[in-house]
Amino acid sequence: MSRLAYPISCAFGAILSIHLFGLDFIWPRNGLDWRPVGDAAQHAIAQRHFLADAWRWPPLTVGTLQNVNLAFLDGIPALALPLKVARSWLPEGFHGIGLFYAIAWILQPVAAVWALRGAGVRGLGSGVAVALMASAMPAFIMRFGHAALCGHFVVLFSLGLYFRLVRDGRWWCLAVPWQAVALLIHPYLALMSLALLGAVPLTLLLRGKRFVAAGLGAAGAAAAMLGTMIAFDYLGAAGDGGYGQYALNLLSPFWPFRSLLLGGSIPREIDATGHGGWEGYNWLGLGLWAALAAGLIVARDRVLPGLRAHLGLVLALLGLTALAVSFRIGLGGQVVLDLGPAPGFLEQFRASGRFFWPVGYALMIGAAVLLAGRGAKGVTILIACGLLQFVDAAPMRAALSAWAHERQPWSVEAGALRPLFREAREVTFLPSWPCIPHEDGPSRVRALELLLLASETPRPVNSMYAARWREPPRCTDAEAMSRPLAPGELRVGLPQAGLEGSGCRALGDLTVCR
């Protein structure tokens with residue numbers, strides 16, 4: 001019966017993904033009268049251009065988007081690369097962002113069972129319980145605005161590898177290439193994975209066992225990640241910086257925002273930085289807190305031996321927690337300790353609150369191990385806690401589903417623009433992204449909307465929003481406007497661009513020239 005845990009959790013994840021997102025979201029097509037918004041639009045633009053573009057070196061270069069690296073656009077290279085191989089079988093304008101959401105929701109409960117099995121618990125009831133609980137982890141559900149970072153299965157899979165590796169070093173044959181895959185999903189997830197794999201030799205060392213081979217394995221995983229970064233041209237890029245702006249608040253794991261049963265009087269995430277608490281949102285969930293409390297009550301004699309047995313993991317998780325909290329330590333609405341400027345290399349991790357995710361999943365597996373070790377009674381409690389976690393997360397799933405089913409209409413005349421984009425050889429948008437002031441939110445939204453519509457039939461464009469650049473983009477609109485139209489060039493201007501001349505005409509409040 002225990003073998004059924006994997007297919008049951010897989011089927012459960014598939015049902016959830018279809019219910020929450022819908023098939024038209026998971027498998028998109030061109031010509032719709034609605035559009036994704038926000039980061040989802042950026043990710044869709046990136047993948048569409050990458051899939052349509054020629055193969056280049058380095059492999060993630062998107063030539064039609066100013067040669068920017070797909071990874072800097074959060075385009076999920078681990079999925080985009082195989083999709084590009086199969087692009088001749090895909091519909092025009094396809095992108096895999098919705099598909100990745102479905103993959104993440106299917107693999108989340110499966111990876112939870114994998115992690116629990118790695119920790120030595122194989123029962124069907126325990127597996128179903130952690131599948132329920134993992135699919136209802138608040139930090140997982142509420143990442144829905146950022147597709148790649150919904151890949152929490154990476155953390156759970158790496159946690160499962162940790163438990164296996166401390167017993168059997170042959171698993172390094174899987175762990176080393178897995179680290180490269182984790183990077184190609186998202187660098188934040190790769191760093192979390194590397195911390196968990198790096199805990200293996202530390203645990204063995206603290207147990208007084210041979211650890212050199214495990215240390216070489218962890219070094220191999222780090223080398224695989226670095227080698228992938230070099231081969232796929234990740235190095236040398238920088239973002240906006242700001243380590244500590246989006247940190248973990250010390251109250252966040254206890255703050256029941258969006259909890260069905262406890263969140264009625266909680267209007268928003270807890271935050272002490274002034275930047276909002278979304279990135280540091282780490283409410284563990286009512287069911288997980290209940291499981292932790294129950295485990296401490298019914299199996300308290302196993303807690304300290306378990307912590308000592310996995311002391312390397314405990315230290316790695318403490319390190320991740322410190323990284324998540326940052327140098328400006330927030331408690332409630334106040335910064336209670338400011339340790340001053342952080343080292344420069346940490347500026348790459350402005351959303352440091354994410355680094356607490358592995359801690360939450362380790363607590364979930366730990367609670368499951370404690371309860372499952374108490375026989376049928378403990379498993380019954382664990383299942384009840386899993387159900388409680390799932391029920392209590394209902395408002396979060398409702399928010400996700402509302403977002404996925406939002407059918408935001410185009411604010412531009414999409415029907416008239418589509419044939420113009422299709423006929424063009426290249427498209428110049430004015431103002432381009434670097435020329436739009438950061439505070440001009442409405443213009444940035446419209447610029448991204450135009451890029452999204454044009455990406456249905458990708459052509460080289462002069463503008464794109466990226467999280468990281470190797471060289472900060474410059475505003476060159478004056479130069480672009482001073483040049484005559486090139487053969488096959490289409491120019492599309494927002495009202496403030498002031499486009500005029502022969503070949504130009506109004507299209508709503510836009511101006512198009514060709």
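Ala-71 sits in the loop that runs between strand S3 (68-69) and helix H4 (77-85). The model in which this residue is placed is a predicted one. Besides the surroundings of Ala-71, this briefing covers a four-stranded open sheet, the largest cavity, with about 270 Å³ of space, and the second largest pocket, with a volume of about 940 Å³.

**Ala-71 and its surroundings**

- Ala-71 counts as buried because its relative accessibility is 15%, and buried means under 20% relative accessible area.
- When residues up to four places away in sequence are not counted, Ala-71 touches Leu-60, Pro-77 and Tyr-234.
- Between the C-alpha atoms of Ala-71 and Pro-431 there is a separation of 25 Å, the two residues being 360 residues apart along the chain.

**The sheet S7-S8-S10-S9**

- Four strands, in the order S7-S8-S10-S9, make up an open sheet with mixed pairing, and its edges are formed by strand S7 (426-430) and strand S9 (504-507), each of which pairs on one side only.
- On average, and with direction ignored, neighbouring strands of this sheet are turned by 25° against each other.
- Helix H18 (residues 414-423) packs on the sheet, where it touches S7, strand S8 (489-493), S9 and S10, and the direction of H18 makes about 145° with that of S9.
- Helix H19 (residues 441-454) lies across S7, S8 and S10, and runs at about 170° to S7.

**Strand S10 and its partners**

- S9 pairs with strand S10 (residues 510-513) in the antiparallel sense over four bridges, with Leu-510 of S10 as the bridge partner of Leu-507 and Cys-513 of S10 as the bridge partner of Cys-504.
- S9 and S10 form a hairpin that has two residues between the strands, and Gly-508 in the turn has a positive phi of about 65°.
- S8 and S10 also pair in the antiparallel sense, here over three bridges, and in S10 the bridge partner of Arg-491 is Cys-513.
- In a regular strand the side chains alternate between the two faces of the sheet.
- In S10, Leu-510 and Val-512 point one way while Thr-511 and Cys-513 point the other way, and all are buried.

**The largest cavity**

- Six cavities of 30 Å³ or more are found when the whole structure is searched, and the largest cavity holds about 270 Å³ of space.
- The largest cavity is lined by 21 residues, of which Phe-25, Trp-34, Arg-35, Pro-36 and His-95 are the closest to its centre.
- At least two residues of this lining are supplied by each of helix H2 (23-26), strand S1 (34-35), helix H3 (39-52), helix H5 (97-118) and helix H17 (394-404).
- By class, the lining of the largest cavity divides into twelve nonpolar, three polar and six charged residues.

**The second largest pocket**

- The second largest pocket, with a volume of about 940 Å³, is lined by 33 residues, and the closest to its centre are Gly-306, Leu-307, Ala-362, Leu-363 and Gly-366.
- Helix H12 (286-298), helix H13 (303-309), helix H14 (311-325) and helix H15 (357-372) are the elements that give two or more residues to this lining, and the largest share, eight residues, comes from H15.
- The lining of the second largest pocket has 25 nonpolar residues, together with five polar and three charged ones.

Methods. Residues are numbered from 1 along each chain as its sequence is written. This is a predicted model: local features need pLDDT of at least 70, side-chain atom pairs count only at pLDDT 80 or more; totals for chains, interfaces and linings use all residues. Side-chain values use heavy atoms; hydrogens and water are left out. Two strands pair if DSSP finds at least two bridges between them. Axes are lines fitted to C-alpha atoms, for helices over the stretch in contact, and angles run from 0 to 180 degrees between N-to-C directions. Contact means heavy atoms within 4.5 Å. On a 1 Å grid over the protein atoms alone, a cavity is a set of points where a 1.4 Å probe fits but cannot get out, and a pocket is an open set with protein on both sides within 12 Å along at least five of seven lines; lining residues have an atom within 4 Å of a point. Grid points are joined across faces, edges and corners, and a volume is the space filled by probe spheres set on the points. Ala, Val, Leu, Ile, Met, Phe, Trp, Tyr, Cys and Pro count as nonpolar, Asp, Glu, Lys and Arg as charged, and the others, Gly among them, as polar. Buried means under 20% relative accessible area, exposed over 50%, partly exposed in between (1.4 Å probe, protein chains only).
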